[in-house]
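The exercises below concern burial, helix geometry and core packing. Work through each one with the structure open before reading its solution.

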Amino acid sequence: MQDTVRDWARAAGVRAVKTAAQAAVAAIGATTTMGGVDWAVVGSTALLAAILSVLTSVAGLPEVADGASVAAIRAAGDGE
């Protein structure tokens with residue numbers, strides 16, 4: 001189970017970083033000029049996107065344990 005938890009954390013982290021980057025690009029692209037970029041808004045948007053990504057990953061990641069949720073992974077580990 002320890003490997004599964006590690007795999008889940010790694011996959012969730014990768015997804016969160018990708019989601020944060022996508023949100024940052026979208027926030028930057030929403031401004032008309034680089035001088036008009038509000039970097040605090042970009043940063044907070046990216047951080048919120050990363051947090052939401054991790055919370056969404058709790059429901060399951062296709063890369064880990066055949067898409068099982070965290071609860072299902074935990075339940076499978078209790079049987080060991």
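**Exercise 1.** Which residues make up the largest nonpolar core, and which elements give two or more residues to this core?

Solution. The model is a predicted one. Its largest nonpolar core has eight residues: Ala 16, Ala 20, Ala 24, Ala 27, Val 37, Val 42, Ala 46 and Ala 50. Two or more residues of this core are given by each of H1 and H2. H1 supplies the largest share, four residues. Apart from this core lies another, of six residues, including Trp 8, Ala 11, Val 64 and Ile 73.

**Exercise 2.** Check the end-to-end span of helix H1 against the span expected at 1.5 Å a residue.

Solution. H1 runs over residues 2–29. With 28 residues at 1.5 Å a residue, H1 should span 40 Å; the C-alpha atoms at its ends are 40 Å apart, so the two values agree. The buried residues of this helix are Trp 8, Ala 11, Ala 12, Ala 16, Ala 20, Ala 23, Ala 24 and Ala 27.

**Exercise 3.** Repeat the span check for helix H2, then find where its buried residues lie around the axis.

Solution. Step one: H2 covers residues 39–57, and its 19 residues should span 27 Å at 1.5 Å a residue; the end C-alpha atoms are 27 Å apart, which agrees. Step two: the buried residues in H2 are Val 42, Ala 46, Ala 49, Ala 50, Ser 53 and Ser 57. These residues cover an arc of only 100° around the axis, so they are on the same side of H2. Step three: Ala 40, Leu 47 and Leu 55, on the other side of H2, are exposed. Step four: the buried residues of H2 pack against helix H1. For one example from the H1 side, Ala 20 touches Ala 46, Ala 49 and Ala 50, with residues up to four places away in sequence not counted.

**Exercise 4.** Classify Gly 13 and Ser 57 as buried, partly exposed or exposed, and state how far apart their C-alpha atoms are.

Solution. Gly 13 is in helix H1. Its relative accessibility is 30%, and because buried means under 20% and exposed over 50%, Gly 13 counts as partly exposed. Ser 57 belongs to helix H2. Ser 57 has a relative accessible area of 4% and is therefore buried. Leaving aside neighbours within four places in sequence, Ser 57 is in contact with Trp 8, Ala 12 and Arg 15. Gly 13 and Ser 57 are 44 residues apart along the chain, and their C-alpha atoms are separated by 9.4 Å.

Methods: Residues are numbered from 1 along each chain as its sequence is written. This is a predicted model: local features need pLDDT of at least 70, side-chain atom pairs count only at pLDDT 80 or more; totals for chains, interfaces and linings use all residues. Side-chain values use heavy atoms; hydrogens and water are left out. The expected span of a helix is 1.5 Å times one less than its number of residues. Buried means under 20% relative accessible area, exposed over 50%, partly exposed in between (1.4 Å probe, protein chains only). The arc is that of the directions from the helix axis to the C-beta atoms. Contact means heavy atoms within 4.5 Å. A nonpolar core is a set of buried Ala, Val, Leu, Ile, Met, Phe, Trp, Tyr and Cys residues joined through side-chain atoms within 4.5 Å.
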